[in-house]
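Please open the structure in your viewer and keep the selection tool at hand. The tour proceeds from one selection to the next and explains each term where it is needed.

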Protein chains: 2
Amino acid sequence: MSILVVGSVAFDSIETSSGAVENCLGGAATHFALAASYFTDVRVIAVVGKDFTEEHEAVFTRRGIDTRGLERADGLSFHWSGSYVKNLNEAQTLETDLNVFQNFDPKIPESYKDSDYLFLANIDPVLQARVRQQMTNVRMVCGDTMNYWISAHAANLAKVLRELDVLLINDGEVRMLAEDQNLVHAASKVLEMGPKTLVVKHGEYGATAFFGKDSFSSGFRALHPFRAPALPLAEVVDPTGAGDSFAGGFYGYLASQPELTPTVFRTAMFYGGVMGSFAVERFGTERLQDVSREEIDERFCLFKEISHLEYERS
Amino acid sequence: MSILVVGSVAFDSIETSSGAVENCLGGAATHFALAASYFTDVRVIAVVGKDFTEEHEAVFTRRGIDTRGLERADGLSFHWSGSYVKNLNEAQTLETDLNVFQNFDPKIPESYKDSDYLFLANIDPVLQARVRQQMTNVRMVCGDTMNYWISAHAANLAKVLRELDVLLINDGEVRMLAEDQNLVHAASKVLEMGPKTLVVKHGEYGATAFFGKDSFSSGFRALHPFRAPALPLAEVVDPTGAGDSFAGGFYGYLASQPELTPTVFRTAMFYGGVMGSFAVERFGTERLQDVSREEIDERFCLFKEISHLEYERS
């Protein structure tokens, strides 16, 4: 089934201990869409500037991603520059130029209206809400956010949270949103804000899902949390987009399945980790553009092998 | 099979956001021995002072732990006081009084000489080495250490590391020992220092095992790391001894099994997490004294449920 994603398509300048790149294709919607495209149909809504060329668009279309919702505006595309030289786990933002994103008003093409799954990537909650309101017939809504919206746009974010089936954020964001340092307490508080399910990303330690009492419709009595591993990696070239790639793998797999069972949900968490682990192997979207489904499933087996009691492969 | 543990038996004064206790029974060997006692026979070598009463000894003997190696010395027992009020994940040491531990020279009772498994808890590596030298017929040696020995007693520690089958330390200690921030690189470097296997404890995120090329003798081709979860806990009353309890559950289970297979090793990692999760539920050794084997196995199932793709329990 098809996923509609709204979020940023951007150019990133990134510096890590492995090197530096200038103006490589990035943005939350980009990483998400590429990761999800290995599992299901994906449609993108975003705004780009005159610097976004046919070559850039081909990165999407080569993966079968529908770009009819990519709006061209006068000016330059959103640009972010950051450094991971001091700390590989947390980007130090050097510069953010919203550019054409400043006046973005997401419009949903008619051909997108029958999308089954909606993903609200990390953008202004006002825009997230506007897209959500236009997509009332989706089967599931999943969303992301970040510390900036949590601290400075709490009221707008609160409205979005009430509409979410799944909120997908990281450790620090959960604790910040709940104002509680204990992850279990913080998760309970966040679930009370609206999301039926909360997926917390722990970076190199994997991810944990917490289920509210209304999590999914039937047969889903998973009141216990679920923990998915991350692959211990010897080389992390560029962590940018790892979280969005996790989201793409997770949601892409969910959308590809006819029914949402506990095992399907857990498998989706594993595929999230798998796509995140590929994303960081090279700069920008380089690795997500050319990974094969065979490599993805091979790594999925590896994730199972490193976390399951029974020894799977000989 | 029997485990011989050498380490501290102490009195702790602890303050956490849940409250405070004065002079409760503690020490690495104590937590380790209690946790391991649910799986196999345990023998303790340590020194205590005149303040260690029959009542304290009964905490060990009630769990069937052999205390013939508990030496009584003039003076007071080792005393530690610490606070977790500011940070539940890391103790702030307020005071350390070595007392009778200052002149401790471990003596191994004749009746301990046939022990099959040796655990060198976190004490001066000189003492660890001395015990190791006297126990040449053991099937396996597992050891712990801490930042103080890593930074100030590196040469002595290096000798111990060369003798270890399993080194069991936490994240920060691995990175410090290897002088490398990347966990995978750090683990490789530590494995080159001698331990055949490295188990890294991540606190609330679980634990990861890294296997060297000489890990275990046969049929153990597990070159991939293995990740065991931790249970997300709503209440952590007192984290003191969680790592030692992990070690006790891990090593106790290993020692209880006739053969060391990959699944046995992985199961041991899970039991480590299980015992750690009980340890923190109450102050000191309170919870480890009275947990039942049924509760332990019930929680083991829960660990499996929160980490395995297939939904186990209805």
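Begin by selecting B:Val44. Leaving out residues up to four places away in sequence, B:Val44 touches B:Val5, B:Ala29, B:Ala33, B:Phe60, B:Ile65, B:Asp66, B:Thr67, B:Gly69 and B:Leu70. Two residues are in contact when their C-beta atoms, placed from the backbone, lie within 7 Å. B:Val44 belongs to strand E4 (residues 42–48) of chain B. Helices (H or I, at least four residues) and strands (E, at least two) are DSSP runs, numbered from the N terminus. Is B:Val44 buried or exposed? It is buried, because 25 other C-beta atoms lie within 10 Å. The term has fixed cut-offs: a residue is buried if 20 or more other C-beta atoms lie within 10 Å of its own, exposed if 12 or fewer, and partly exposed in between, with C-beta atoms placed from the backbone. Add B:Phe60 to the selection: B:Val44 and B:Phe60 are 16 residues apart in sequence, and their C-alpha atoms are 9.2 Å apart in space.

A word on the model and its labels is due here. This is a predicted model, in which local features need pLDDT of at least 70 and side-chain atom pairs count only at pLDDT 80 or more, while totals for chains, interfaces and linings use all residues. Residues are numbered from 1 along each chain as its sequence is written, and chains are lettered from A and ligands numbered from 1 in the order in which they are written.

**Chain A as a whole**

Now select chain A. It contains 11 helices and 13 strands. Its C-alpha trace spans about 50 × 45 × 35 Å along the principal axes. A compact globule of 314 residues would have a radius of gyration near 20 Å, and the 18 Å of chain A agrees with this. That radius is taken over C-alpha atoms, and the globule rule is 2.2 Å times the number of residues to the power 0.38. Of the 314 residues of chain A, 52% count as buried. Among its contacts between residues at least 6 apart in sequence, 65% join residues at least 24 apart.

If your viewer can colour by confidence, do so now. Chain A averages a pLDDT of 94, and 96% of its residues score at least 70; pLDDT is the predictor's confidence in each residue, from 0 to 100. The model scores ipTM 0.92 and pTM 0.94.

**Two strand residues of chain A**

Select A:Asn170, which is in strand E10 (residues 166–170) of chain A. A:Asn170 counts as buried because it has 21 C-beta neighbours inside 10 Å. Apart from neighbours within four places in sequence, it is in contact with A:Val200, A:Lys201 and A:Gly243. Then add A:Asp144: the two residues are 26 apart along the chain, and their C-alpha atoms are separated by 9.2 Å.

Move next to A:Asn23, in strand E3 (residues 19–26) of chain A. With 15 other C-beta atoms within 10 Å, A:Asn23 is partly exposed. Its phi is near 50 degrees, a positive value in a residue other than glycine. Most residues other than glycine have a negative phi.

**Helix H6 of chain B and the loop after it**

Return to chain B and select B:Asp171, which lies in helix H6. B:Asp171 counts as partly exposed because it has 18 C-beta neighbours inside 10 Å. Leaving aside neighbours within four places in sequence, B:Asp171 is in contact with B:Val200 and B:His202.

Go on to B:Glu179, in the loop between helix H6 (171–178) and H7 of chain B. B:Glu179 has a positive phi of about 55 degrees although it is not a glycine. It counts as exposed, with 9 C-beta neighbours inside 10 Å.

**The side of chain B that touches chain A**

Finally, show both chains. Their contact takes 30 residues from chain B and 30 residues from chain A. Helix H7 (183–192), strand E13 (226–228), H9 and H11 of chain B each supply at least two residues of the side of chain B that touches chain A. Which element gives the largest share of that side? It is H9(B), with 5 residues.
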